[in-house]
Amino acid sequence: MKKDINTKFEEALKIANETDIKLPPDIMLHFYAHFKQATKGNKYRRKSEEGEQPLRNAFKQHAWYQLNHLTEKEAKKEYIKLVNKYLKPKK
């Protein structure tokens, strides 16, 4: 039975959340932006949190905004590709 995109995305999230692999900040931005686009689309509202780092948050917001051409489904597919490329063991 073929898995739907939402199931594959949930599996990819589980892998990403449980990994011990330390990725470079630029790759982490790709993960963040694709996750946000996949789950929020172009709804860019962010809650302010105590102790926030404005520069870091600006980079995150900008990375997300750069994906505004992707649908949520397309962003999920791209997120899965990132997990497969950077977090899945090589065979």
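## Worked exercises on a four-helix model

Lys14 and Glu18 both lie in helix H1, where four residues, about one turn of the helix, separate them. The model is a predicted one, and the exercises below start from this pair.

**Exercise 1. Determine whether Lys14 and Glu18 form a salt bridge, and classify each residue as buried, partly exposed or exposed.**

Solution. Step one is the distance: the closest N and O atoms of Lys14 and Glu18 are 2.9 Å apart, and the cut-off for a salt bridge is 4 Å, so the pair qualifies as a salt bridge. Step two is the accessibility of each partner, for which the boundaries are 20% and 50%. Lys14 has a relative accessibility of 47% and therefore counts as partly exposed, whereas Glu18, at 54%, counts as exposed.

**Exercise 2. Find how many salt bridges the rule gives, and describe those that involve Lys3 and Glu78.**

Solution. The count comes to three salt bridges. One of them joins Lys3 to Glu11, with 2.9 Å between the closest N and O atoms; Lys3 is partly exposed because its relative accessibility is 43%, and Glu11 is partly exposed because its value is 34%. Another joins Glu78 to Lys81, with the closest N and O atoms 3.3 Å apart. Glu78 and Lys81 both belong to helix H4 and are three residues apart, about one turn of the helix, and Glu78, at 29% relative accessibility, counts as partly exposed. As a general background to such pairs, side chains of opposite charge can pair when their charged atoms come close.

**Exercise 3. Describe the overall architecture of the protein from its secondary structure, its box and its contacts.**

Solution. The protein has four helices and zero strands, so that reading along the sequence gives the pattern α-α-α-α. Its C-alpha atoms fill a box of roughly 45 × 30 × 20 Å along the principal axes. Of the 91 residues, 31% are buried. Where contacts link residues at least 6 apart in sequence, 81% of them join residues at least 24 apart.

**Exercise 4. Which residues have the most contacts inside the largest nonpolar core, and which elements give two or more residues to this core?**

Solution. The largest nonpolar core contains 21 residues, and Phe9, Phe31, Tyr79, Val83 and Leu87 have the most contacts inside it. Two or more residues come from each of helix H1 (5-18), helix H2 (25-40), helix H3 (54-65) and helix H4 (72-86). Leaving aside residues up to four places away in sequence, Phe9 touches Phe35, Ala38, Thr39, Lys76, Tyr79 and Ile80. In general terms, nonpolar side chains tend to be buried together in soluble globular proteins.

**Exercise 5. Is Leu13 buried or exposed, and which residues does Leu13 touch beyond four places in sequence?**

Solution. Leu13 is found in helix H1, and since its relative accessibility is 11%, under the 20% limit, Leu13 counts as buried. With residues up to four places away set aside, Leu13 touches Phe35 and Tyr79. The C-alpha atoms of Leu13 and Phe35 are separated by 8.7 Å, although these residues stand 22 residues apart along the chain.

**Exercise 6. Contrast the accessibility of Lys36 with that of Lys43, and identify a residue that each touches.**

Solution. Lys36 is found in helix H2 and counts as buried because its relative accessibility is 16%. Lys43, by contrast, is found in the loop between H2 and H3 and counts as exposed because its value is 58%. Outside the nearest four places in sequence, Lys36 touches Gly41 and Trp64, while Lys43 touches Trp64 and Glu72, so Trp64 appears in each list. The C-alpha atoms of Lys43 and Asn68, 25 residues apart along the chain, are 9.5 Å from one another.

**Exercise 7. Characterise the lining of the largest pocket by residue, by element and by class.**

Solution. The space in the largest pocket is about 410 Å³. Its lining has 17 residues, and Leu23, Met28, Leu29, Phe31 and Tyr32 lie nearest the centre. At least two lining residues come from each of H1, H2 and H3, and H2 gives the most, with six. Sorted by class, the lining holds 12 nonpolar, two polar and three charged residues. Phe31 thus links this exercise to Exercise 4, being among the core residues with the most contacts and among the lining residues nearest the pocket centre.

Technical notes:
Residues are numbered from 1 along each chain as its sequence is written. This is a predicted model: local features need pLDDT of at least 70, side-chain atom pairs count only at pLDDT 80 or more; totals for chains, interfaces and linings use all residues. Side-chain values use heavy atoms; hydrogens and water are left out. A nonpolar core is a set of buried Ala, Val, Leu, Ile, Met, Phe, Trp, Tyr and Cys residues joined through side-chain atoms within 4.5 Å. Buried means under 20% relative accessible area, exposed over 50%, partly exposed in between (1.4 Å probe, protein chains only). Contact means heavy atoms within 4.5 Å. On a 1 Å grid over the protein atoms alone, a cavity is a set of points where a 1.4 Å probe fits but cannot get out, and a pocket is an open set with protein on both sides within 12 Å along at least five of seven lines; lining residues have an atom within 4 Å of a point. Grid points are joined across faces, edges and corners, and a volume is the space filled by probe spheres set on the points. Ala, Val, Leu, Ile, Met, Phe, Trp, Tyr, Cys and Pro count as nonpolar, Asp, Glu, Lys and Arg as charged, and the others, Gly among them, as polar. A salt bridge is a side-chain nitrogen of Lys or Arg within 4 Å of a carboxyl oxygen of Asp or Glu.
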